[in-house]
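Me: I have a structure open and want to learn how to read it. Take me through it one feature at a time.

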Amino acid sequence: MPASLRWSLGRRPFWAFSLITLLSVAVLAAAHMASRYALKVYTEDQLGRVPWDVAVYQLADLPEAPQLATRLQEIPGVVRAESLTLLRSSPPQDMRAEVDGKTLTVPWISFLSATDLALIPPEYRPRSARLADGVVLGLVGPQREIGPLLERIRGGRQFAVSVILPDSRAGAAAGHAHGAGVNARPGATRQELFAVPISQVVQIDRSDLNRWLMSRAGSLSYVPNIGGILFTPPDRATLSTLDALFRGVVQLREGQDIHINAGNYVPEVNHLLRIDRGPLISGWDLDGSRHRLARIVAQVTAQVDPYGRSYFIRSDTLTLLDRMRAIARLVGIVSLLMGVPVLAMAWVFAGNFVQLILLNEQRTIGLLRLRGVPGRLIARILLSVITVGGLVGGALGLLLGTAVPLLAYPETGAPVSIGTKIHDPRLLLLFLAVGIIVALVVSARLVRVALRLTPIEAVRRLTATERIVPRARRRVLLPAVALVLGAYKVVAWITGVSLSPRLPQAAWAGPPLREWVRMTLPVVGGPLQAFAAAHMATKPHRTASLLLVGALAAAITVAPSVSGDSFYQKGARGARVRLGSETYLLFNTLAVTDHELEGPLKNQLADLRQGIASTVAALRREGATVELVVEALLPELFVPGYGLAGVPLYLVDDLKGYLARVYHEEALGRDEGFSRILQRLPAPAIAVSPMVADFWKLSTGKALSLGRDASGAPVAAQVAGVVHALPGSPQRGVDDRESLVNAEVDYLNHLFRTDAFVVAAMDHPALQELKVLVPRLSLLVQWPDGRGVALTREAMLSRLSLRPSDVRLLSEELGRLKEDMFIRLAAENMRVYLVGGLLIAIVGIFATALANFLEDRRTFSLLRVRGASPRALLRVLGVQLFSPLLLGILAGALIGTVAGYGIANRVWGLQRVLAVIQLLWTVPVISWGTVGLILLLVVIFGGAIYGFGTWVFRRTARETLREG
């Protein structure tokens, strides 16, 4: 086969299909790279929420814990190792826990210690790492069980553990006793074996402690329902003494021990390891990161194995990497699926290029056939050239689609090796194959024409190549799908139905397109509008292509924008519902008052109002509005899971102000609107959660017994409705969507499903004498003039005379929401599809316009000869090109809006951790950014058509005829 023949015949097809494949594959590769970048950022964000990479749980052999901790610290790659020790004991009859000599009558005594005090909740944290500075004693359990005990020991100064020994053993222990004779049985002696000073006595919320341990240590630990917990500094000697004591070994003096009944004893040491993540873990290289971390876990296993089977190892980071690897495998396929509109646009683009090549090469093909060159040889040349061009363009597309995004991400440093770590070779081959298949399938028409074209047809102005256009596009159903909402008559165009030359009066256009042309033709068409309409009607395939290009370009740019905006808007609403205001402040009541809260509810509320008054007044002097919500516990109201702890009662101070200034949504009400339910609360009524309503089979108007007053009389109130949540109430669930990768998701979802509470007005007359415990209150602060957006945590704390136990800022919550993986995926893909889709669309428009011009250049030249100005011909191009594009953009924007809303709604339904946000409706959001994208498309397409018209009409009519 002569090289000159291959080059003369295949030059244009080679460059055309190289460009087609390059753009198609580059967009797919860039979209995959952008998705992986979003996944990388999400992985790094999740890693920031995982405090420890490996955890070793030791359930026995407590004396060996320090030695094991030292060995784990020496593993290469481990930069930090801490230990969290929890000793739980149900003391036997002969062992007693005491506070200032008073017996602590609880079924369980626990000791919680950490080598780093930051692992202990701040409200229970010891003052220092020295045991002599005191420990914190916490009581966990329902008010009716521990309330009297808490009042009795609240001012305690010393905690002690003593045993009752028979006189025969007591004599041997006399030299070691710290005290004797208290509460001892006849013939027995009390021996105090352990004593520490107490710095504070507090009440513990079991769920809060579990959540803290889950987030800081990476796992749940069993916290008894009723008991006392001592939070102690990290003192190994003390822990060894307690371990031996709880196992029944009483150390009397050095070398002498006696044994007593051990009771129930459950020790646990959690060894927490942090690795050097910088060189070991990369969000780009998930496979390599997992391999390196697995190697460290294997070394940890090798260090633990000699100690026996009472150990097990867990790595939240390894679990996270496995999860991210599974998602990464899907991202490539998702990128391909999301690139279908771009491929469809490339398909149209390629079809116009084929038309352009046929118009330029038909004479060459005819001359070759006239000189005896077989059609099969010509077809073989074209196929080989197109295949090589597709391979070259595809390879360049893979390179550009990988390198350009890497250069756009400055933190990567654009290393060449990253591309091979991100792209699975199988995905690269898939992207390349898709690009080549698109080129080959579209080129089949060119090959078919080369086989059938005769020399006589080659010299005609109107050849079979143009007549087969509608037939060649009969199989393309995507235009009908894309434009079903506005241009359903495209189906008729595709099937080859001829159009009437009188476009404005023709019935073929269908109502939407006919009205559109009537509106745009006088504006765009100019003095040649009749010719433009008639000429447009004779080329239905051109109009179909332009409609499709405009619709696809709009859909692929609008859908990610609407999806991201809708997704973020719902997340922002969820954050507002949780906090209720711009600033959320939570206070423990012990920090508000300088004395114990006693008496009925009205007395405790009066003390709280007095204690918090100065803080509220200071905030209001700065122009802020402040709403008060108090949490009380109902010890007499039984609900499964709360029978021992007490069901929360949320008391709203000013209901009218709350409804006016606190953010809420009507969907928070189960059977009717949230605000309608709360408006009925000033009357003798309450609102209840679904858990309370379902358990007690309550409905509106029924009465619920809440407890008893000081005289023992029952207190009941009517139910005004059922609400799913109360904005601004103390948080008991999880509000961070899929962020706690180290959390037990089932446990979190259980907390959400079984969340029980009652809501009432603070001045509810029937509740004033109720016996309750008031542990917490929250202030919901709304700032004027948008000052809350710029407010920092430090600035907020500087305004307060009281120290809150928790501060939440809406600005911080919204900032964390922007790190969501799906929002980043939408944002990154939007950039890729915006740039890549627009590039393909612009090139496709130029190809379409050039093919149209070359096909009609004689007609345009004759119009020039007869006096038509370039400006008038440019307006004819506006009718033929810009008008269908504009209609396609509008239809595509509508389709993209619907698709983006559907994606956002579906993604919110995929979250694993249940939260209040699932109760809210997903609302489609069309932001000004989305509108700007649509206008940008209009401007770019209009500019491209104007630029093309200016370029082609710069020649004179004679020059154009000579070129033809």
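**Reading the strands, cores and confidence**

Reply: Start with a pair of strands. β17 and β20 run antiparallel to each other, joined over two bridges. In that pairing, Ala-687 has Val-759 of β20 as its bridge partner. Keep in mind that this is a predicted model.

Me: Which other strand pairs with β17, and in what sense?

Reply: Strand β19 (residues 714-722) does, in the parallel sense, over four bridges. Ile-686 sits opposite Val-719 in β19.

Me: How do I read the two faces of a strand?

Reply: Side chains in a regular strand alternate between the two faces of the sheet. Now look at strand β17 (residues 685-688). Ala-685 and Ala-687 are on one side, Ile-686 and Val-688 on the other. All are buried, and both faces are covered.

Me: Where can I practise on another strand?

Reply: Try strand β6 (residues 135-140), where six of six residues are buried. Val-135, Leu-137 and Leu-139 point one way. Val-136, Gly-138 and Val-140 point the other way. β6 pairs with strand β9 (residues 227-232) in the antiparallel sense, over five bridges. Within that pair, Leu-139 stands opposite Gly-228.

Me: What about a helix? How do I find its buried face?

Reply: An α-helix has 3.6 residues a turn, so residues three or four places apart point the same way. Helix α30 (residues 810-817) is the case here. Its buried residues are Leu-810, Glu-813, Leu-814 and Leu-817. They fall within an arc of 95 degrees seen down the axis, so they line one face of α30.

Me: Which residues touch the most other members of the largest nonpolar core?

Reply: Val-688, Leu-706 and Leu-779 do, in a core of 52 residues. Helix α23 (residues 601-621) contributes the most to this core, with six residues. A second, separate core has 34 residues, among them Leu-586, Leu-678, Leu-726 and Val-759. You have met two of these names already. Val-688 belongs to β17, and Val-759 is the partner of Ala-687.

Me: What does Leu-779 contact, beyond its neighbours within four places in sequence?

Reply: Its contacts include Tyr-584, Phe-587, Ile-612, Val-616 and Leu-628. Polar names are on the list too, including Thr-583, Thr-615 and Glu-627.

Me: Now single residues. Is Trp-108 buried or exposed?

Reply: Compare its relative accessibility with the cut-off. Trp-108 is at 19%, and buried means under 20%, so Trp-108 counts as buried. Trp-108 lies in the loop between β4 (102-103) and β5 (109-114). Its contacts beyond four places in sequence include Arg-88, Ser-90, Pro-224, Gly-228 and Val-266. The C-alpha atoms of Trp-108 and Ser-90 are 4.6 Å apart, though 18 residues separate them along the chain.

Me: Is Tyr-946 buried or exposed?

Reply: Tyr-946 is exposed, at 53% relative accessible area. Tyr-946 is in helix α33 (residues 928-952). Its C-alpha atom is 9.5 Å from that of Phe-882, which is 64 residues away along the chain.

Me: What should I look for in the backbone angles?

Reply: Most residues other than glycine have a negative phi. Look for departures from that. Asp-100 has a positive phi, near 50 degrees. Asp-100 sits in the loop between β3 (95-99) and β4, and is partly exposed at 41% relative accessibility. Lys-697 is another case, with a phi of about 55 degrees. Lys-697 is in the loop between α26 (690-696) and β18 (703-708), and is exposed at 64%.

Me: How do I read confidence?

Reply: Begin with the chain. Its mean pLDDT is 75, and 70% of its residues reach 70 or more. Then go element by element. Helix α18 (residues 490-494) has the lowest mean, 34, and strand β20 (residues 758-761) the highest, 93. Finally, check stretches. Residues 170-184 stay under 50, and the model gives them 31 contacts beyond four places in sequence. Residues 733-743 are also below 50, with 40 contacts beyond near neighbours in sequence.

Me: And the whole chain?

Reply: There are 34 helices and 22 strands. Of 964 residues, 57% count as buried. The chain exposes about 39,900 Å², with 58% of that supplied by carbon and sulfur atoms. Among contacts with a separation of 6 or more, 81% join residues 24 or more positions apart.

How values were computed: Residues numbered from 1 in each chain as written. Predicted model: local features only at pLDDT ≥ 70, side-chain atom pairs only at ≥ 80, totals over all residues. Heavy atoms only, no water. Buried < 20%, exposed > 50% of the residue type's maximum accessible area, 1.4 Å probe, protein only. Contact = heavy atoms within 4.5 Å. Areas by Shrake-Rupley, 256 points an atom, 1.4 Å probe, with all protein chains shown as cover. Arc of directions from axis to C-beta. Core = buried A, V, L, I, M, F, W, Y, C linked by side-chain atoms within 4.5 Å. pLDDT = per-residue confidence, 0-100. Pairing = 2+ DSSP bridges.
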